[in-house]
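Got your viewer open and a selection box ready? Load the model below, and let's walk through it stop by stop.

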Amino acid sequence: VQLQASGGGSVQAGGSLRLSCAASGRTFSSSVMGWFRQAPGMEREFVAVISSSGGSTSYADSAKGRFTISRDNAKNTVYLQMNSLKPEDTAVYYCAASSRYSIRSAQYDYWGQGTLVTVSS
């Protein structure tokens, strides 16, 4: 699976962005998809995960109520809708694919290149 993340940019606090992650390969619809982020000087952290069917989702506490992960298996794409953005959401956001439903980055086999989100106050 090859992953291409897009949709990052600069936004003011309180604004919204929608990240997309386009996947190539026939295994997308059977893959668990996750979003992670890494802020400068920080370790990569879990943001959200969605099951292969889209029927199950989980979020980091920091994302609950503000972010929504979704997927369109017909388009081989996973999304992360981010609302009410805060300066502390500033990071490079990565999409990743796994065969396991997990919040641990070590469980993910394939990673996109990352897209930068900058939130100004």
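Start by selecting S98, which has a relative accessibility of 3% and so counts as buried, the cut-off being under 20%. Keep in mind that this is a predicted model. S98 sits in strand β9. Show the side chain together with the backbone of R100: a polar atom of the S98 side chain lies 2.9 Å from the backbone nitrogen of R100. Now bring up the surroundings. Setting aside neighbours within four places in sequence, which residues is S98 in contact with? They are S31, V32, Q107, Y108 and D109.

**Next selection: C21 and C95**

Stay on β9 and pick C95, then add C21. The two are joined by a disulfide, with an S to S distance of 2.1 Å. C21 belongs to strand β3 (residues 17-24) and C95 to strand β9 (residues 91-98), so this pair ties together distant parts of the chain, 74 residues apart. Turn on sticks and check the torsion: the angle about the S-S bond is 65°, and the link is right-handed. Buried or exposed, what are these two cysteines? Both C21 and C95 are buried. No need to hunt for others, as a search of the whole structure finds one disulfide.

**Next selection: β3 and its partners**

Keep C21 highlighted and show the whole of β3 as a ribbon. On one pairing, strand β1 (residues 2-6) runs antiparallel to β3, joined by five bridges. The residue standing opposite C21 here is A5, so to speak the β1 view of the cysteine you just left. Then add β8: six bridges join β3 to β8, again in the antiparallel sense. For a marker on this pairing, label L17 and M82, which stand opposite each other.

While strands are on screen, one general point is handy for reading side chains: in a regular strand they alternate between the two faces of the sheet.

**Next selection: residues 32-50**

Select β4 and β5. Strand β4 (residues 32-38) pairs with β5 in the antiparallel sense, over five bridges. Label F36 and F46 to see two phenylalanines standing opposite each other, with F46 in β5. The two strands form a hairpin with six residues between them. Zoom in on the turn and click G41, whose phi is positive at about 75°.

Now hide β4 and look at β5 (residues 45-50) by itself. Why is β5 described as largely enclosed by the rest of the structure? Because five of its six residues are buried.

**Next selection: residues 45-59**

Add strand β6 (residues 57-59), which pairs with β5 in the antiparallel sense over three bridges. Try labelling A48: its bridge partner in β6 is Y59. Here too the strands form a hairpin, with six residues between β5 and β6. In this turn, the residue to click is G54, with a positive phi of about 90°.

**Next selection: N76 and S84**

The glycines in those turns had positive phi. Which residue other than glycine has a phi near 50°? That is S84, found in the loop between β8 and β9. With a relative accessible area of 41%, S84 is partly exposed.

N76 is another stop of this kind, with a positive phi of about 55° although it is not a glycine. Look for N76 in the loop between β7 (67-72) and β8 (77-82). Its relative accessibility is 22%, so N76 counts as partly exposed.

**Last selection: everything**

Zoom out and colour by secondary structure. How many helices and strands does the protein chain have? The count is zero helices and 11 strands. The radius of gyration is 13 Å, close to the 14 Å that the globule rule gives for 121 residues, so the chain is as compact as a globular protein of that length. If you draw a box along the principal axes, the C-alpha trace spans about 40 × 25 × 25 Å.

Switch to a surface for the closing view. The accessible surface comes to about 6,100 Å², and 45% of that belongs to carbon and sulfur atoms. Of the 121 residues, 42% count as buried. For anyone who likes contact maps, one more number: among contacts with a separation of 6 or more, 56% are between residues 24 or more positions apart.

Methods
Residues are numbered from 1 along each chain as its sequence is written. This is a predicted model: local features need pLDDT of at least 70, side-chain atom pairs count only at pLDDT 80 or more; totals for chains, interfaces and linings use all residues. Side-chain values use heavy atoms; hydrogens and water are left out. A disulfide is a pair of cysteine sulfur atoms within 2.5 Å. Helices (H or I, at least four residues) and strands (E, at least two) are DSSP runs, numbered from the N terminus. Buried means under 20% relative accessible area, exposed over 50%, partly exposed in between (1.4 Å probe, protein chains only). The radius of gyration is taken over C-alpha atoms; the globule rule is 2.2 Å times the number of residues to the power 0.38. Contact means heavy atoms within 4.5 Å. Accessible areas come from the Shrake-Rupley method with a 1.4 Å probe; for residues, only the protein chains shown count as cover. A polar contact is a pair of N or O atoms within 3.5 Å; within protein, one must be able to donate a hydrogen and the other to accept it, and residues adjacent in sequence count only if both atoms are side-chain atoms.
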